[in-house]
Amino acid sequence: QKLHDIVGVPPVCVHTTYQYGDGDKYAYGKRERLRDAGLWLVDPASRYTSGSYLQLTSSLARQLSPNKAELLLPALRDEAHCVMAHLKLNALQRQWLQVGFLLAHALGRTLVLPPLWCVVDRFWTILDHCLIGSKVEMSRPFVCPLDHSFDVPAMTAQLPEWREHTFFASQRI
């Protein structure tokens with residue numbers, strides 16, 4: 001994931017391969033991944049030009065370089081048990097988003113999601129040291145797609161509207 005960022009080469013083609021956020025009627029996960037990358041260009045202009053927003057800023061981890069990041073809370077650092085570290089991190093982020101959605105609703109605003117961090121990659125077979133493959137150049141933690149931790153079709157159906165963590169970086173605002 002994001003190898004182009006790690007090696008510093010701009011992508012020339014993008015293919016959203018299999019992921020976990022699609023419903024039986026719409027590719028929600030692929031849309032969210034393309035929105036995160038600033039490559040989803042079919043939204044109406046009103047999505048970017050109208051509304052009031054509440055933005056949550058991430059403080060659980062920080063990106064040091066394209067291939068290095070660190071968790072900021074000592075309680076989340078557990079090199080020997082990456083699954084446990086991931087579950088703790090995920091639980092904190094879920095609580096944070098729950099409060100964010102409640103605040104945004106109470107204030108009549110649209111929630112802008114924070115970057116979501118993962119320690120374990122999501123894959124349908126055995127992982128090597130919590131990542132896909134033994135020679136992976138991804139850092140742990142890493143900013144992961146929404147569908148790594150959440151059921152995007154259910155969120156779309158049941159939650160108020162939200163914006164991706166890269167929303168304010170869009171050239172359409």
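Contact is taken here to mean heavy atoms within 4.5 Å. In the predicted model, Asp43 touches Arg35, Tyr48 and Arg172 by this criterion, residues up to four places away in sequence not being counted. Asp43 is located in the loop that lies between helix H2 (28–36) and helix H3 (46–49). With a relative accessibility of 10%, Asp43 is classed as buried, because buried residues are those under 20% relative accessible area. A polar contact of 3.4 Å joins the side chain of Asp43 to the side chain of Trp40.

The strands S1, S4 and S7 were examined next. These 3 strands form an open sheet in the order S1-S4-S7, with parallel pairing. Strand S1 (53–55) and strand S7 (162–163) are the edge strands, each pairing on one side only. In general, the strands of a sheet pair through backbone hydrogen bonds, in either a parallel or an antiparallel manner. Between S1 and strand S4 (residues 110–112), the parallel pairing extends over 3 bridges. Opposite Thr110 of S4 stands Tyr53.

At the surface, Leu3, Val7 and Val9 make a nonpolar patch of about 260 Å². Of these residues, Val7 is placed in helix H1, which comprises residues 3–7. The relative accessibility of Val7 is 48%, and this residue therefore counts as partly exposed: the partly exposed class lies between the limit for buried residues, under 20%, and that for exposed residues, over 50%. Asp43, at 10% relative accessibility, counts as buried, whereas Val7, at 48%, counts as partly exposed.

Key: Residues numbered from 1 in each chain as written. Predicted model: local features only at pLDDT ≥ 70, side-chain atom pairs only at ≥ 80, totals over all residues. Heavy atoms only, no water. Patch = residues over 30% accessible without salt bridge, like charges linked within 9 Å, V, L, I, M, F, W, Y side chains within 5 Å. Areas by Shrake-Rupley, 256 points an atom, 1.4 Å probe, with all protein chains shown as cover. Salt bridge = Lys/Arg side-chain N within 4 Å of Asp/Glu carboxyl O. Helix = DSSP H or I, 4+ residues; strand = E, 2+ residues; numbered from the N terminus. Buried < 20%, exposed > 50% of the residue type's maximum accessible area, 1.4 Å probe, protein only. Polar contact = N/O pair within 3.5 Å; in protein donor to acceptor, adjacent residues only side chain to side chain. Pairing = 2+ DSSP bridges.
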